[in-house]
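Hi,

I am passing a structure on to you, as promised. Have a look at it first, and then read my notes below.

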Amino acid sequence: MPTFVSKFNIMARKILFIFFGIIFLSSVSCKRNRNQIPYVNVDIYVYPSQPAYINLNIIGGWIYLSGGYKGIIVYRSTQDEFIAYDRACTYDPTDDCSLVEVTKDNVIAVDSCCKSQYLITDGNVFSGVATQPLQRYRADFDGVTLHIYN
């Protein structure tokens, strides 16, 4: 007849087996997200009134900045709001040719590799193989200084 201690040992073994089984299955099922843009610290101050940033003086204006993973697009959405996106395409950001550029219509940004298109008004995918919007950075404007950061 089994004793309490032997029943406890059997139960403990079952629990350990289930625990390690869950750990193993979760580690096997985790895949690296190939669409993830590598983290880069961003802490940039821009003064839109300066001549270098003249395109930001009108609503709908935009500029490119150095910084982020593959550069930054800054877009003025209203008199008091700016939006900042990384220029890395979200389909395969680590591909060397993956770089988003604003088209002549000043509304669409196109990736040079996969040809995915994004609206610069909100960063959402307009067409193409990308499924995630452009990576957005925080952009605070106090009326004089635009701070872009993550």
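Here is what turned up, beginning with the cores and ending at the surface. Please keep in mind that this is a predicted model.

The largest nonpolar core has 14 residues. Those touching the most other members are Ile 44, Val 46, Leu 56, Leu 65, Ile 72, Val 74 and Ile 148. Two or more residues each come from strand 1 (43–46), strand 2 (62–65), strand 3 (72–76), strand 4 (82–86) and strand 10 (146–149). As background, nonpolar side chains in soluble globular proteins tend to be buried together.

Val 74 is a good place to start browsing. Leaving aside residues up to four places away in sequence, Val 74 touches Leu 56, Gly 61, Trp 62, Ile 63, Leu 65, Phe 82, Ile 83, Ala 84, Leu 146 and Ile 148. There is also a second, separate core of 13 residues, with Tyr 75, Tyr 85, Val 100 and Ala 109 among them.

Next, a polar residue: is His 147, in strand 10, buried or exposed? Its relative accessible area is 17%, and the cut-off for buried is under 20%, so His 147 counts as buried. The side chain of His 147 makes a polar contact of 2.5 Å with that of Asp 43. With the same sequence neighbours left out, His 147 touches Asp 43, Ile 44, Tyr 45, Arg 138, Ala 139 and Asp 140.

Tyr 45 belongs to strand 1 and is partly exposed, at 47% relative accessibility. Together with Tyr 47 and Val 144, Tyr 45 makes a nonpolar surface patch of about 300 Å².

Best wishes

Conventions. Residues numbered from 1 in each chain as written. Predicted model: local features only at pLDDT ≥ 70, side-chain atom pairs only at ≥ 80, totals over all residues. Heavy atoms only, no water. Core = buried A, V, L, I, M, F, W, Y, C linked by side-chain atoms within 4.5 Å. Buried < 20%, exposed > 50% of the residue type's maximum accessible area, 1.4 Å probe, protein only. Helix = DSSP H or I, 4+ residues; strand = E, 2+ residues; numbered from the N terminus. Contact = heavy atoms within 4.5 Å. Polar contact = N/O pair within 3.5 Å; in protein donor to acceptor, adjacent residues only side chain to side chain. Patch = residues over 30% accessible without salt bridge, like charges linked within 9 Å, V, L, I, M, F, W, Y side chains within 5 Å. Areas by Shrake-Rupley, 256 points an atom, 1.4 Å probe, with all protein chains shown as cover. Salt bridge = Lys/Arg side-chain N within 4 Å of Asp/Glu carboxyl O.
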